[in-house]
Amino acid sequence: MRLMSLTPELVALCHREEVDPGPDPSWTELNDEDFKALALRLAGEADEGPLWVFAYGSLIWKPEFDSVEQRLATAFGWHRSFCLDMVRWRGTAAQPGLMMALERGGRCNGVIYRLPEGEKPAQVERLLRREISDHESISSVRWLPVHTAQGALRALGFWVGVKGRGTSPGQPLDKVARVLARACGHIGSGAEYLYNTVSHLEAFGIRDRNLWRLQQLVADEVRALHGRPVDENFPSRQERSTVA
């Protein structure tokens, strides 16, 4: 694995204790019956045979569902993007954060997980409860065609959904870096989220050029914010900008 500029020590500098503000009352929360109905519908839409989930970010390192197999997979026509505005979880109203979803365009290399047979609705419900909490987010759940070494198949994935409130697509990496270096919510910081994602992608042999550049930029931001010297083992921001 490559050595990351964003180290656990730098990530620790970004942590602070924050109180969970609770759900935004302007969004329509899903109740238990809503989750069950949506899980049954999605399980019923699955192809015959196994049900797969496409993981490209935190689902890789914190899936919170059971799986019996995993494979490397590519979703063509999509890319990772820090486009979800966060005023809860990994951000606050005073210091909003960003989290990832899939945006259209490019390609995304990730991992697919096969759910156990006979437990599809229950496993899908666990996944939904982790990823969405309101009716406005239902459109972010979709079936994705993915390609693996064993062939093509469909997998459940999460994209940015309808653009508008709560989304900020297409932001430049330097702006995203400034947000991630500063944002923290009650479950952790943006820097921690990025660190866990990049390090686990690296462990799978998945090298995302944009995220690798982003973790370098966030490391620079954190060092500047906390008065830490630049690590001479890594190229400067100016030197890195000339690397293809």
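Me: Why are helix 2 and helix 4 called oblique to each other?

Reply: In this predicted model, helix 2 and helix 4, the latter spanning residues 120–131, pack at an angle of about 125°, with their axes 8 Å apart. Angles of 65 to 115 degrees count as roughly perpendicular and those over 145 as roughly antiparallel, and the angle of about 125° falls in neither range, so helix 2 and helix 4 are oblique to each other. As for the sense of the crossing, helix 2 passes helix 4 in a right-handed way.

Me: Which residues of helix 2 and helix 4 meet, and how do they divide by class?

Reply: From helix 2 come D32, F35, K36, L38, A39, L40, L42 and A43, and these meet K120, P121, V124, E125, L128 and R129 in helix 4. By class, this contact of helix 2 with helix 4 holds nine nonpolar, no polar and five charged residues.

Me: What makes helix 6 oblique to helix 7?

Reply: The axes of helix 6, residues 190–203, and helix 7, residues 209–225, come within 10 Å and cross at roughly 140°. An angle has to be over 145 degrees to count as roughly antiparallel, and because roughly 140° does not reach that cut-off and lies outside the 65 to 115 range for roughly perpendicular, helix 6 is oblique to helix 7. The crossing of this pair, helix 6 and helix 7, is left-handed.

Me: What residues make up the contact of helix 6 with helix 7?

Reply: On the side of helix 6 there are A191, L194, T197, V198, L201 and E202, which meet L211, W212, L214, Q215 and V218 in helix 7. Sorted by class, the contact of helix 6 with helix 7 has eight nonpolar, two polar and one charged residues.

Me: How do you know that helix 5 and helix 7 are oblique to each other?

Reply: Helix 5, residues 173–182, has an axis that comes within 8 Å of the axis of helix 7, and the two cross at roughly 50°. Angles under 35 degrees count as roughly parallel, and the roughly perpendicular range runs from 65 to 115; roughly 50° belongs to neither, and helix 5 and helix 7 are therefore oblique to each other. Helix 5 passes helix 7 in a right-handed crossing. The residues of helix 5 in this contact are L173, D174, V176, A177, R178, L180, A181 and R182, and those of helix 7 are N210, R213, L214, L217, V218, E221, V222 and L225. By class, the contact of helix 5 with helix 7 has 10 nonpolar, one polar and five charged residues.

Me: Is L217 buried or exposed, and how far is its C-alpha atom from that of K120?

Reply: L217 is found in helix 7. Its relative accessible area is 5%, and since buried means under 20%, L217 counts as buried. The C-alpha atoms of L217 and K120 are separated by 40 Å, and these two residues are 97 apart along the chain.

Me: Why do C83 and C108 not form a disulfide?

Reply: A disulfide needs two cysteine sulfur atoms within 2.5 Å, whereas the sulfur of C83 is 12 Å from the closest cysteine sulfur, in C108, which is too far for a bond. From the other side, the closest cysteine sulfur to that of C108 is the one in C83, again at 12 Å and too far for a bond. The structure holds zero disulfides.

Me: Why are C83 and C108 both called buried?

Reply: The cut-off for buried is under 20% relative accessible area; C83 has 0% and is therefore buried, and C108, at 0% relative accessibility, counts as buried too.

Me: What makes R16 partly exposed, and which residues is R16 in contact with?

Reply: R16 is found in the loop between helix 1 and helix 2. Its relative accessible area is 31%, and because that value is neither under 20% nor over 50%, R16 is called partly exposed. Leaving aside neighbours within four places in sequence, R16 is in contact with Q95, R182, A183, C184 and G185. The C-alpha atoms of R16 and S189 are separated by 8.0 Å, although the two residues are 173 apart along the chain.

Me: What is noted about the phi of W89, and why is W89 called partly exposed?

Reply: W89 has a positive phi of about 70° although it is not a glycine, and W89 lies in the loop between strand 2 and strand 3. Its relative accessible area of 35% lies between the 20% and 50% cut-offs, so W89 is partly exposed.

How values were computed:
Residues numbered from 1 in each chain as written. Predicted model: local features only at pLDDT ≥ 70, side-chain atom pairs only at ≥ 80, totals over all residues. Heavy atoms only, no water. Axes fitted to C-alpha atoms, helices over the stretch in contact; angles between N-to-C directions. Helix = DSSP H or I, 4+ residues; strand = E, 2+ residues; numbered from the N terminus. Left-handed = near helix turned anticlockwise from the far one by under 90°. Contact = heavy atoms within 4.5 Å. Nonpolar A, V, L, I, M, F, W, Y, C, P; charged D, E, K, R; others polar. Buried < 20%, exposed > 50% of the residue type's maximum accessible area, 1.4 Å probe, protein only.
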